[in-house]
Amino acid sequence: MEFTRGKGKHLRLAGDRREQYPHSLQFYLEPPTENISLAEFENFAVDRLKLLKVVESLSVSCVRTGESYKSKLESELRRLKFPYKALAEDDYEARRKDHISHFILRLAYCQSEDLRRWFLQQEMDLLRYRFNELTDSLRQKFLEHVNLSFEAISEDLKAELSQELQTSTPGLSSSVKDTMFYKVGLADAVDLFRARKVFIKDGFAYVPLKDIDAIVLNNYRTKLSKALALTARSLPSIQSDERLQPLLNHLSHSYIGPDYSVQKNTGKISLEQIDALSVKSFPLCMRQLHRALRDNHHLRHGGRMQYGLFLKGIGLTLEQALEFWKREFIRGKVDADKFDKGYAYSIRHSYGKEGRRTDYTPYSCMKIIMSNPPSQGDYHGCPFRHSDPELLKQKLQSYKIPPSGIAQILELVKGMHYQLACQKYFELTHDVDDIGFSLNHPNQYFTESQRLLSGGREMKKELSNAGNSQQKGISQESMNSNSTPTSSSTTADAELEGLEAYFTED
């Protein structure tokens with residue numbers, strides 16, 4: 001896969017290459033080798049990341065077999081122009097995007113165990129949905145394409161084994177006559193055999209259509225897990241590539257949405273309002289930081305950066321920020337002179353008035369979750385990610401969250417769905433059943449809370465195309481994470497090539 005600087009049409013190898021994607025579904029066994037512009041690289045990666053975020057959210061909020069899950073996921077596939085059932089026969093561009101974007105995110109998400117686990121789960125859920133939406137004939141073609149040549153048994157054999165299939169296959173929603181069964185080698189159906197869910201004869205399992213996806217997914221999990229581990233072995237090479245590594249880091253830590261660098265309510269929030277706002281409209285991470293600041297009259301650097309940029313994002317001016325922090329710090333062990341000589345500089349720096357004049361943006365949820373974990377005496381970070389579950393439970397109890405709600409939050413935390421746990425906290429503290437958007441940013445939490453509490457709008461779908469573009473959001477993340485800003489536009493000036501080597505064995 002080679003990347004070019006041009007924003008025009010991407011270059012391709014000879015031939016229209018439609019034979020490369022004979023089916024709308026694949027196991028992503030071969031990395032792409034064609035040329036692609038950097039702009040397309042970013043667009044493909046961001047769109048797939050959006051899709052996987054929706055998959056994660058729906059897997060918790062909806063039943064996977066329910067109509068709501070199916071309709072919402074198909075809508076997202078349509079919107080982002082990925083393959084879906086209506087395009088199953090003629091969707092070359094969607095298949096190409098699906099193929100390339102998977103490998104880009106595989107590079108970005110191979111870099112830690114947590115990232116690999118998250119990527120694997122979302123990709124499996126996406127494959128499950130798309131496989132189950134295929135027609136019978138397309139499903140059979142796909143199985144042959146990935147060398148899982150399970151044969152659908154004939155009507156005559158089905159009639160002959162009708163009684164055995166009925167008694168050996170629990171949970172059939174229709175009669176044996178109306179159910180498609182596949183003849184599968186026992187080695188591929190071990191899990192179903194152990195669970196006593198299939199009929200066995202002559203070394204073959206007779207698997208109903210409703211369970212064939214379990215075999216396909218097990219096979220896919222094995223292949224993708226191995227592929228991620230293989231790609232992870234290339235990490236030293238990836239991390240030494242100055243052109244590629246910043247881009248991939250931004251993807252694995254990225255927030256796709258407005259960056260809250262410009263607030264229309266700048267200066268409209270008074271310092272006297274902050275205590276009340278912290279209770280009703282701050283996400284738990286910022287409420288925790290505010291309480292710690294009030295109790296200790298001090299925050300360490302990580303806490304000051306996380307909370308200070310959040311306050312900047314909700315509308316505090318530089319003058320207000322200097323007054324707010326100084327007023328609190330001088331109540332502790334810092335005198336006014338020490339504050340002015342030391343702490344005031346870093347506040348002006350975060351507003352772009354010192355040093356490199358970088359106008360820093362508030363931290364996104366992914367940045368808070370994945371970067372700079374808190375140490376003893378720190379209060380920054382994500383409470384859902386970094387707090388001990390028992391301490392988190394006590395904190396939620398002190399905030400009058402009902403026991404049933406606490407149980408739901410802790411279950412999401414256990415499953416490592418930290419942003420979804422924060423969404424649940426929003427719903428419980430605002431008394432709504434469904435917030436109707438995906439929560440990805442502390443300032444988004446504040447904005448949506450204020451809109452809801454002021455009655456300014458009906459709860460609706462996630463804001464899209466609001467504020468700055470997602471491309472700026474990705475490049476701006478680097479400004480927050482490094483003292484020297486690095487944006488994707490800088491990387492665009494260099495040509496990247498030969499990335500397929502990262503996916504293959506030496």
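# Worked exercises on a predicted model

Two bridges join strand β3 (residues 151–152) to strand β4 (residues 181–185), and the two run antiparallel. Keep in mind that this is a predicted model.

**Exercise 1. Trace the strand pairing around β4, and find which residue in β4 is the bridge partner of Ala152.**

Step 1: Start on the β3 side. Ala152 has Tyr182 as its bridge partner in β4.

Step 2: Now go to the other pairing of β4. Five bridges join β4 to strand β6 (residues 204–208), again in antiparallel fashion.

Step 3: Pick one pair there. Phe181 is matched with Pro208 in β6.

**Exercise 2. Work out how far you can trust the model, and say which helix has the lowest mean pLDDT among the elements.**

Step 1: Take the overall score. The protein averages a pLDDT of 82, and 82% of the residues score at least 70.

Step 2: Look at the extremes. Helix α24 (residues 488–491) has the lowest mean pLDDT, 40, while helix α13 (residues 284–296) has the highest, 97.

Step 3: Check the weak stretches. Residues 5–15 have a pLDDT below 50, and this stretch has 16 contacts in the model beyond near neighbours in sequence. Residues 457–496 are also below 50, with 88 contacts beyond near neighbours in sequence.

**Exercise 3. Place Ser61: is this residue buried or exposed?**

Step 1: Find the element. Ser61 lies in helix α1 (residues 38–61).

Step 2: Apply the cut-off. Exposed means over 50% relative accessible area. Ser61 has 53%, so Ser61 is exposed.

Step 3: Look across the chain. Ser61 and Asp434 are 373 residues apart along the chain, yet their C-alpha atoms are separated by 9.0 Å.

**Exercise 4. Sort out the cysteines: how many disulfides does the structure hold?**

Step 1: The count is zero disulfides.

Step 2: Check two cysteines for burial, where the limit is under 20% relative accessible area. Cys62 counts as buried because its relative accessibility is 14%. Cys110 is buried too, with a value of 0%.

**Exercise 5. Follow some salt bridges and say where the partners sit, beginning with Lys197 and Asp211.**

Step 1: Get the total. The structure holds 30 salt bridges.

Step 2: Take the pair Lys197 and Asp211, whose side chains meet at 4.0 Å, N to O. Lys197 is in the loop between α8 (190–194) and β5 (199–201) and Asp211 is in helix α9 (residues 209–232), so the pair ties together parts that are 14 residues apart in sequence. Lys197 is partly exposed at 28% relative accessibility, whereas Asp211 is buried at 7%.

Step 3: Move on to Glu272 and Arg327, with their closest N and O atoms 3.9 Å apart. Here Glu272 sits in the loop between α11 (245–252) and α12 (274–280) and Arg327 in helix α15 (residues 318–329), 55 residues apart. Glu272 is exposed at 61% relative accessibility, and Arg327 is partly exposed at 38%.

Step 4: Try Arg294 and Glu328, which form a salt bridge at 2.4 Å, N to O. This pair links helix α13 to helix α15, and the two residues are 34 residues apart. Both Arg294 and Glu328 are buried.

Step 5: Finish with a network. Glu113, Asp114, Arg116, Arg117 and Arg385 are joined into one network by salt bridges that share partners.

Definitions and conventions: Residues are numbered from 1 along each chain as its sequence is written. This is a predicted model: local features need pLDDT of at least 70, side-chain atom pairs count only at pLDDT 80 or more; totals for chains, interfaces and linings use all residues. Side-chain values use heavy atoms; hydrogens and water are left out. pLDDT is the predictor's confidence in each residue, from 0 to 100. Helices (H or I, at least four residues) and strands (E, at least two) are DSSP runs, numbered from the N terminus. Contact means heavy atoms within 4.5 Å. Two strands pair if DSSP finds at least two bridges between them. Buried means under 20% relative accessible area, exposed over 50%, partly exposed in between (1.4 Å probe, protein chains only). A disulfide is a pair of cysteine sulfur atoms within 2.5 Å.
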